[in-house]
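Visitor: Hey, can you walk me through this protein? I'm new to reading structures.

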Amino acid sequence: MTHASEKPSWMPNLSTRTVRCYRCANRFEVAPKAMSASCPHCHRRIVVSDIVIKQGHWGGRLETCGSVIIQRKARAHVGAAIAGEGVTVLGVFEGSIVSGGAVHLGEYALIRGSVRAPN
């Protein structure tokens, strides 16, 4: 019998990554290739994979613990983009940005709205 903190011998040794819930700000571990998870603190479903906008996106919110990337020929018109790891705008973005990481702007980037980020 194994203790709760020990892994059984048949279980693979997987690495994990730490994410922060964009709803309650709680940090927890997920599998490296996870696309979504349930926050153990607020019990809500959250997206942990990156969101890439390649063409157009209208309406709603873009929410992820990862990054939001607006590609060069893309146009996003949203209420808000909330990203735990950062936002990259290479095209046109209309809405508010709340980022836990850096916001990078490309040479042809255009933002109409507010930006809140550490750098």
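Guide: Sure, and keep in mind that this is a predicted model. Let's begin with β11, which is mostly covered: 6 of its 8 residues are buried.

Visitor: Okay, which strand is joined to β11 by 7 bridges?
Guide: That's β9, and the two strands run parallel. To see one spot along that pairing, look for A76, which stands opposite F93 in β11.

Visitor: What does β11 do with β13 and β14?
Guide: β11 pairs with β13, residues 110-112, in the parallel sense over 3 bridges. There, F93 stands opposite I111. β11 also pairs with β14, residues 115-116, again in the parallel sense, over 2 bridges. In that pairing I97 faces V115 of β14.

Visitor: Let's zoom out. How many helices and strands does the protein have?
Guide: The count is 0 helices and 14 strands. Read from the N terminus on, the elements are β after β, right to the end.

Visitor: And how much of the protein is buried?
Guide: Of its 119 residues, 35% count as buried. The exposed surface comes to about 7,600 Å², and carbon and sulfur atoms supply 53% of that.

Visitor: What about contacts between residues far apart in sequence?
Guide: Take the contacts with a separation of 6 or more: residues 24 or more positions apart account for 7% of them.

Visitor: Which strands make up the open sheet, and in what order?
Guide: The open sheet has 4 strands in the order β5-β8-β10-β12, with parallel pairing. β5 (51-53) and β12 (103-105) stand at the edges with a single partner strand each, so one side of each has no neighbour in the sheet. On average, neighbouring strands here are turned by 5 degrees against each other, if you ignore direction.

Visitor: Can you show me one pairing in there?
Guide: Try β10, residues 86-89: 3 bridges join it to β12, and the two run parallel. T88 is the residue to click on, since its place is opposite H104 in β12.

Visitor: Where do the greasy side chains go?
Guide: In soluble globular proteins, nonpolar side chains tend to be buried together. Here, the largest nonpolar core has 15 residues, and those with the most contacts inside it are L62, V68, I70, V87 and F93. β5, β8, β9, β10 and β11 each supply at least two residues of this core.

Visitor: Which strand gives the most to that core?
Guide: β9 does, with 4 residues.

Visitor: Who does V68 touch?
Guide: Leaving aside neighbours within four places in sequence, V68 is in contact with I51, L62, I82, A83, G86, V87 and T88. Apart from that core lies another one, of 13 residues, among them V30, A34, V48 and C65.

Visitor: New topic: is T64 buried or exposed?
Guide: T64 is buried, with a relative accessible area of 0%. You'll find T64 in strand β7, residues 61-64. Not counting neighbours within four places in sequence, its contacts include Y22, V47, D50 and I82.

Visitor: Anything polar going on with the T64 side chain?
Guide: Yep, a polar atom of the T64 side chain lies 3.4 Å from the backbone oxygen of V47.

Visitor: And S67, is that buried or exposed?
Guide: S67 counts as buried because its relative accessible area is 16%, and the cut-off for buried is under 20%. S67 belongs to strand β8. Beyond residues up to four places away in sequence, it touches D50, I51, A83, E85 and G86.

Visitor: Let's jump to the start of the chain. How do β1 and β2 pair?
Guide: They pair in the antiparallel sense, over 4 bridges. R17, for instance, has V30 in β2 as its bridge partner. Together β1 and β2 form a hairpin with 6 residues between them.

Visitor: What's special about A25 in that turn?
Guide: A25 has a positive phi, near 70 degrees, in a residue other than glycine. It is partly exposed, with a relative accessible area of 43%.

Visitor: Where's H43, and what is its phi?
Guide: H43 lies in the loop between β3 (36-38) and β4 (45-47). Its phi is near 60 degrees, another positive value in a residue other than glycine. At 61% relative accessibility, H43 counts as exposed, because the cut-off for exposed is over 50%.

Notes. Residues are numbered from 1 along each chain as its sequence is written. This is a predicted model: local features need pLDDT of at least 70, side-chain atom pairs count only at pLDDT 80 or more; totals for chains, interfaces and linings use all residues. Side-chain values use heavy atoms; hydrogens and water are left out. Two strands pair if DSSP finds at least two bridges between them. Axes are lines fitted to C-alpha atoms, for helices over the stretch in contact, and angles run from 0 to 180 degrees between N-to-C directions. Buried means under 20% relative accessible area, exposed over 50%, partly exposed in between (1.4 Å probe, protein chains only). Contact means heavy atoms within 4.5 Å. Accessible areas come from the Shrake-Rupley method with a 1.4 Å probe; for residues, only the protein chains shown count as cover. A polar contact is a pair of N or O atoms within 3.5 Å; within protein, one must be able to donate a hydrogen and the other to accept it, and residues adjacent in sequence count only if both atoms are side-chain atoms. A nonpolar core is a set of buried Ala, Val, Leu, Ile, Met, Phe, Trp, Tyr and Cys residues joined through side-chain atoms within 4.5 Å.
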